[in-house]
Amino acid sequence: MAMSAGYIPFHPNPSKPRYQPPPGAVDAHCHVFGPEDRFPYAPERKYTPCDAPKEKLFALRDFLGFDRNVIVQATAHGKDNAALVDAMLNSNGRARGVATVGEEITKDELKRLHAAGVRGVRFNFVRRLVDFTPRDVLERIAKRVAPLGWHIVIYFEMADLADLESFFTSLPTEVVVDHMGRPEVQKGLDHPDFLRYLRLLDQHRNFWSKVSCPERLTVAGAPYDDVVPFAKKIVESFPDRVLWGTDWPHPNMPKEAPDDGVLVDVIPKIAVTPALQQKLLVDNPMPLYWSD
Ligand code: 0GY
């Protein structure tokens, strides 16, 4: 596999997880990239991924024991959702998506995205990934997509939550937070930033949390036991508003790519009963992405 500059490729040979997801399980956070000759990367991107095409994603889905994917538009493709749309249209209805759009998007284009399977837009506030977008622009996008029944996925670093919170809580849709708001795990469960995040979820019932991405949050490394208490706390506090995803192909990781089988084996540590696992992997993502 050719590797583009500056990118660690995904794991070439993930292990088979010991944990078996329930029938209908949804990987609610993953990406497709390229192939670049068909779906070029955005000129404004902050990193260059290597190709991670739909066929590889769907093969991984089957290997890990999942039934469906929610593909999230990543910044390397900017506002060009073509690779995402292509993947959804070739998934036999088993992939839905979260797009990135600008306020210039037309009504027809929104309809086309919806027909292809898009059910949300992503607002990204992580400075190393994107340039700043003014809030009034985001507010206008939110107003455009709300009538479609779409939700908004937000990605930010936990230390920025205090500044962003009032904007987030003003959004007119369901709001899904990527990677549990990226807590700094070395600060501990009682840190005011994490308590603020729990309060946000507690006080705003339109907020959902992905309990994903231990590979990015860990200090100790695999099998990510230092991240488990954070995810477990969120799952047990808000069992009906949590989602899980692999984050494959793990773009923009500084060191090595994680073993996706090891990531799946984190699930029973954070959702410790079959009932919690059923909510996390099936009952929660389905109404957000496959309500039809
Ligand atoms: C993720 C996380 C990252 C990248 C992106 O859109 C992206 O480029 O989301 C990251 O670098 O933390 O969810 O894939």
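These exercises work through a sheet, a helix and a loop residue in a predicted model.

**Exercise 1. The sheet**

Find the strand order of the open sheet, and say why one side of S1 and S8 is left without a neighbour.

Solution.
- Step 1: The sheet is open and has eight strands, in the order S1-S2-S3-S4-S5-S6-S7-S8. The pairing is parallel.
- Step 2: Strand S1 (26-30) and strand S8 (242-243) stand at the edges. Each has a single partner strand, so one side of each lacks a neighbour in the sheet.
- Step 3: Take one pair inside this order. S4 and strand S5 (residues 151-155) run parallel and share five bridges. Gly120 has His151 in S5 as its bridge partner.
- Step 4: Add a helix. Helix H2 (residues 82-89) packs on the sheet and touches strand S2 (68-72), strand S3 (95-99) and S4. The directions of H2 and S3 make about 165 degrees.

**Exercise 2. Two sides of helix H6**

Work out which residues of H6 are buried and where they lie around the axis.

Solution.
- Step 1: Buried means under 20% relative accessible area. Phe194, Tyr197, Leu198, Leu200 and Leu201 are buried in H6.
- Step 2: These residues cover an arc of only 155 degrees around the axis, so they sit on the same side of H6.
- Step 3: Pro192, Asp202 and Gln203 are exposed on the other side.
- Step 4: Look for the cover. Helix H5 (161-169), strand S6 (175-177), strand S7 (207-210) and helix H8 (228-237) are among what covers the buried residues.

**Exercise 3. Val130**

Locate Val130 and list what it touches beyond four places in sequence.

Solution.
- Step 1: Val130 lies in the loop between strand S4 (118-124) and helix H4 (135-145).
- Step 2: Leaving out residues up to four places away in sequence, Val130 touches Lys46, Thr75 and Asn124.

Methods. Residues numbered from 1 in each chain as written. Predicted model: local features only at pLDDT ≥ 70, side-chain atom pairs only at ≥ 80, totals over all residues. Heavy atoms only, no water. Contact = heavy atoms within 4.5 Å. Pairing = 2+ DSSP bridges. Axes fitted to C-alpha atoms, helices over the stretch in contact; angles between N-to-C directions. Buried < 20%, exposed > 50% of the residue type's maximum accessible area, 1.4 Å probe, protein only. Arc of directions from axis to C-beta.
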